[in-house]
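Good morning, and thank you for coming. Please look at the structure on the screen, and I shall take you through a few of its features.

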Amino acid sequence: RYRTDQEMQKHHYKSAKKNALEALARAETFGSTDYRLGISLCNLGDVYKAEGAFPKAEHSYKKAIDVLTEATKAASSATFKTLIAEDRANALSHLADLYASNEKFKKAAKAFEDAVTAYEPLVVSSQNGVRDCIVGQDLVQCLNGLAQMAVHLNNPEEAIKSYDKALRFAMLSNTQEFLLRDIRDAYVKLLIKMGREEKARGLVADSLWVDYTLRGMKAERDKDYHSAEIFLTKALLEAQLSFFADRRIMSSTNNLVNIYLNTGQNDSAEKICLAAIDYKDAHNIRFDRQFEQVMHNLAGVYRNKMKFAQANAILEQQLRLHVKANGPSSYEVAEIWTRIGQNDISMHKYQAAKDCAQEAYQILNPTHLSDKRASLAVNQTAILFELTGDWEKAEFLYKTELEEQSRRMEPGDVRLTAYSVQLMNFYHKCHNKAAVKEMTM
């Protein structure tokens, strides 16, 4: 199966078919209702579809669906049943795409409808709900296909239902922006054609949000902060009217906060961060990276204003939410601990800062020490240990980070020099003349 996928990506259909047929022959030895046979038939259907062999592709997909239907019934556990049911939903989706690409719109509509019916219980029963769920994104694709078939079949009311449902699942499942945009634009076009301008308003607002955001980000890149602030403020206003308000408001808040921080407007940054948090609490929005960034920014604003206790209150709240959503062992958790520790240092709470450093250290060592993404957390933890007098752990982390960066960077890279200087300064501070001499040799 893996080799077939590789060859398909390269458009090597002859070798892809050879691999698919070999996989099918092996799968047949497991029995006529084994899930592996169903998957192999679906893969072979993909090859036939790419070759333009419509009847063979249709036959393979239909047979795959039949096999996977029986395999789902025979599954020995709930988890296994769910996995096979997802493969069956995928086969239905592939069959629907085949019919759609050959303009067999009635058959495509029926297949998309069956695929939606198959995907929906998988999305609802997913451990994480719809959040960032690949199955949820597959469901969105099928709902979009169902809406398009309804348009072709002159059934606009069914198209509206499917588009509306597709967009709601798209927002929940973090569907890619390009697909979100395509569905939104097609839906707006249909609504306006039917004279439903009021229903289209939230989607039009979202189009304006995209336009203002892009113009604001360009102005920011050009260091034109005045224009950036104007455009991004307009974007935030449109975000509140958008069909995807929950998704857009947090993103707009973070974009505008960056401008405020670059122009020293800490009070304005604080105000919109607090408004975003109030919106999240009022609408029960899930904790995601955009909202976490709002909390990160607000803590930074309080630090800029030397309100260290308030900064830590926000960071502790962020820590609880992050651990609840993602678990306690990620390098991001270590980063939050180091930020809390930095504020403790500023309040002369050295033991509390040392405790924070120890919390971060236990997460980072040894699991994340070689992880490039954890570099900031490792460095900040070393600094906390240095400032709180645990020079042994500080030295260990500084040296480890220098070694890791040496593996990643060229010898003359100025960033690598900065890590070396940091370690050298540490040795000077703790009067380790031997280590200084060794580094200068």
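Let me begin with a single residue. Gln-176 has a relative accessible area of 37%, which means that it is partly exposed, as that class runs from 20% to 50%. Gln-176 sits in the loop that joins α8 (156–172) to α9 (177–193). Between Gln-176 and Gly-389 there are 213 positions in sequence, and their C-alpha atoms are 47 Å apart in space.

I should say at this point that we are looking at a predicted model.

Now to the protein as a whole. What elements is the protein built from, helices or strands? The protein has 21 helices and zero strands. Along the principal axes, its C-alpha atoms fill a box of roughly 80 × 55 × 40 Å. Of the 441 residues, 48% are buried. If we take the contacts with a separation of 6 or more, 58% of them join residues 24 or more positions apart.

Next, the surface and the charges. The protein exposes about 23,000 Å², and carbon and sulfur atoms supply 52% of that area. There are 59 positive and 58 negative side chains, and the centres of these two sets lie 3 Å apart.

Let us turn to one helix, α4, which covers residues 54–74. At 1.5 Å a residue, its 21 residues should span 30 Å, and the C-alpha atoms at its ends are indeed 30 Å apart, so the two values agree. Which residues of α4 are buried? Among them are Phe-54, Ala-57, Glu-58, Tyr-61, Ala-64, Ile-65, Leu-68, Ala-71 and Thr-72. For those new to helices, a general point may help in reading that list. An α-helix has 3.6 residues a turn, so residues three or four places apart point the same way.

I now come to the aromatic rings. The structure holds ten aromatic pairs. In one of these, the ring centres of Tyr-361 and Phe-385 are 5.7 Å apart and the planes stand at 85°, so the pair is edge-to-face. This pair links distant parts of the chain, with Tyr-361 in helix α17 (residues 350–364) and Phe-385 in helix α18 (residues 375–387), 24 residues apart. Tyr-361 and Phe-385 are both buried.

A further pair is formed by Tyr-398 and Phe-426: the ring centres are 5.3 Å apart and the planes meet at 50°, so this pair is tilted. Tyr-398 belongs to helix α19 (residues 391–408) and Phe-426 to helix α20 (residues 414–429), so the pair ties together parts 28 residues apart in sequence. Tyr-398 counts as buried because its relative accessibility is 5%, and Phe-426 is buried as well, with a relative accessible area of 2%. Together with Trp-391 and Tyr-427, these two residues form one aromatic cluster.

My last residue is Asp-206, which is found in helix α10 (residues 197–221). Is Asp-206 buried or exposed? Its relative accessible area is 0%, so Asp-206 is buried. Which residues is Asp-206 in contact with, leaving aside its neighbours within four places in sequence? They are Arg-184, Ser-242, Phe-244 and Arg-248. Finally, Asp-206 and Gln-240 are 34 residues apart in sequence, while their C-alpha atoms are 9.3 Å apart in space.

Thank you for your attention.

Methods. Residues numbered from 1 in each chain as written. Predicted model: local features only at pLDDT ≥ 70, side-chain atom pairs only at ≥ 80, totals over all residues. Heavy atoms only, no water. Helix = DSSP H or I, 4+ residues; strand = E, 2+ residues; numbered from the N terminus. Buried < 20%, exposed > 50% of the residue type's maximum accessible area, 1.4 Å probe, protein only. Contact = heavy atoms within 4.5 Å. Areas by Shrake-Rupley, 256 points an atom, 1.4 Å probe, with all protein chains shown as cover. Lys, Arg positive; Asp, Glu negative; His and termini not counted. Charge placed at Lys NZ, Arg CZ, Asp CG, Glu CD. Expected span 1.5 Å × (residues − 1). Phe/Tyr/Trp six-rings, centres within 6.5 Å; stacked < 30°, edge-to-face > 60°.
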